[in-house]
Amino acid sequence: SNGVIFGKNSVVEVASLIASSLNVDEDLIMNESFVKAINDGKAAFEGGAAENSVIVLEGSIDGVEGARIITGEGGSVFLFAPKVETQKGSSITTPGGQTILAAAKDQVYLAASQDPDLRGMLVEVNDGGDIDHAGKILADRGNITLAALNIDQRGQLKATTSVDANGTIRLLARDTVAADRIAE
């Protein structure tokens, strides 16, 4: 419940990453899987984190590069908490994949996108939190989504497009989930 901090010198290279201070239903993971929860419209992550829980990508200090999270082609980075912060000098890179920052005090819903221009997941938050983004997120031929009640977008968001793959950026100011948005 204290959150997750990626320190200023950290480098995380993964296929995909989920970091959350919200609770995950163990039965969902062990018996149903996220895919089934997504298809059934269940919350993938729910409250339980302290109000001040924060996921932080620390920025650069005195010329030292900030925290970096990097995936291979088609990878995903999902950061979920009541407050999500990326500091100047930090970066997330998901080429051909997806980065989602979702701030919620109650629930985060995920759904498979039916839109061919949006690869990856749709996200909705219930009882939205705060996102303070001052870092850099790069998703060449991919998707970047920030979903929260309050989004302070001071950093760089870059999603490029190629001949056969669109890049998209979605900023969603949300507080309450509407049932029809989960099923979209």
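Contact, in this tour, means heavy atoms within 4.5 Å. The model on the screen is predicted, and the stops below move from the whole chain to a core, then to a sheet, and then to single residues.

**The whole chain**

Begin with the entire protein chain in a cartoon view, where the secondary structure comes to two helices and 15 strands. Of its 184 residues, 48% count as buried, and the accessible surface comes to about 8,600 Å², with 47% of that area belonging to carbon and sulfur atoms. Among contacts with a separation of 6 or more, those between residues 24 or more positions apart account for 58%.

**The largest nonpolar core**

Next, select Phe6, Ile69, Leu79, Ile92 and Leu101, which are the residues with the most contacts inside the largest nonpolar core, a set of 23 residues. The elements that give two or more residues to this core are strands E2 (11-20), E4 (54-57), E5 (68-81), E8 (98-112) and E12 (143-148), and of these E5 gives the most, with four residues. In soluble globular proteins, nonpolar side chains tend to be buried together.

Now keep leucine 79 selected and show what surrounds it. Leaving out residues up to four places away in sequence, leucine 79 touches Phe6, Ala19, Ile55, Leu57, Val84, Ile92, Ile100, Leu101 and Ala102. A second, separate core of 15 residues can be coloured differently for orientation, and it includes Leu22, Phe80, Val123 and Leu172.

**The partners of E5**

Strands of a sheet pair through backbone hydrogen bonds, either parallel or antiparallel. Select E5 together with E2, and look for a parallel pairing that extends over nine bridges, in which valine 14 has threonine 71 of E5 as its bridge partner. Then add strand E7 (residues 91-93), which pairs with E5 in the parallel sense over three bridges; here the bridge partner of arginine 68 is serine 91 in E7. Finally add E8, which runs parallel to E5 and is joined to it by six bridges, with leucine 79 facing its bridge partner leucine 101 in E8.

**The five-stranded sheet**

Hide that group and show the open sheet of five strands, whose order is E1-E4-E6-E10-E13 and whose pairing is parallel. Its edge strands are E1 (3-6) and E13 (150-153), each of which pairs on one side only. On average, and with direction ignored, neighbouring strands of this sheet are turned by 5° against each other. For a closer view, select E10 and E13, which pair in the parallel sense over four bridges.

**Histidine 133**

Within E10, which covers residues 130-133, select histidine 133. Is this residue buried or exposed? Histidine 133 has a relative accessible area of 0%, and because buried means under 20%, it counts as buried. Across the pairing, histidine 133 stands opposite glutamine 153 in E13. Its side chain reaches the backbone oxygen of glycine 135 at 3.2 Å. Beyond residues up to four places away in sequence, histidine 133 touches Thr86, Leu146, Asp152, Gln153, Arg154, Gly155, Gln156 and Leu157.

**Isoleucine 169**

Move on to strand E15 (residues 168-173) and select isoleucine 169, which counts as partly exposed at 38% relative accessibility. Its contacts, apart from neighbours within four places in sequence, are Ile144, Leu157, Lys158 and Ala159. A distance can also be drawn from the C-alpha atom of isoleucine 169 to that of leucine 146, which lies 23 residues away along the chain, and the separation comes to 8.3 Å.

**Two residues with positive phi**

Most residues other than glycine have a negative phi. Which value of phi, then, does aspartate 127 have? Although aspartate 127 is not a glycine, its phi is positive, at about 60°. Aspartate 127 is found in strand E9 (residues 121-128), and at 36% relative accessibility it counts as partly exposed.

For the last stop, select arginine 141, a residue other than glycine whose phi is also a positive value, near 60°. Arginine 141 has its place in the loop between strand E11 (136-138) and E12, and with a relative accessible area of 24% it is partly exposed.

Technical notes: Residues numbered from 1 in each chain as written. Predicted model: local features only at pLDDT ≥ 70, side-chain atom pairs only at ≥ 80, totals over all residues. Heavy atoms only, no water. Buried < 20%, exposed > 50% of the residue type's maximum accessible area, 1.4 Å probe, protein only. Polar contact = N/O pair within 3.5 Å; in protein donor to acceptor, adjacent residues only side chain to side chain. Pairing = 2+ DSSP bridges. Axes fitted to C-alpha atoms, helices over the stretch in contact; angles between N-to-C directions. Core = buried A, V, L, I, M, F, W, Y, C linked by side-chain atoms within 4.5 Å. Areas by Shrake-Rupley, 256 points an atom, 1.4 Å probe, with all protein chains shown as cover.
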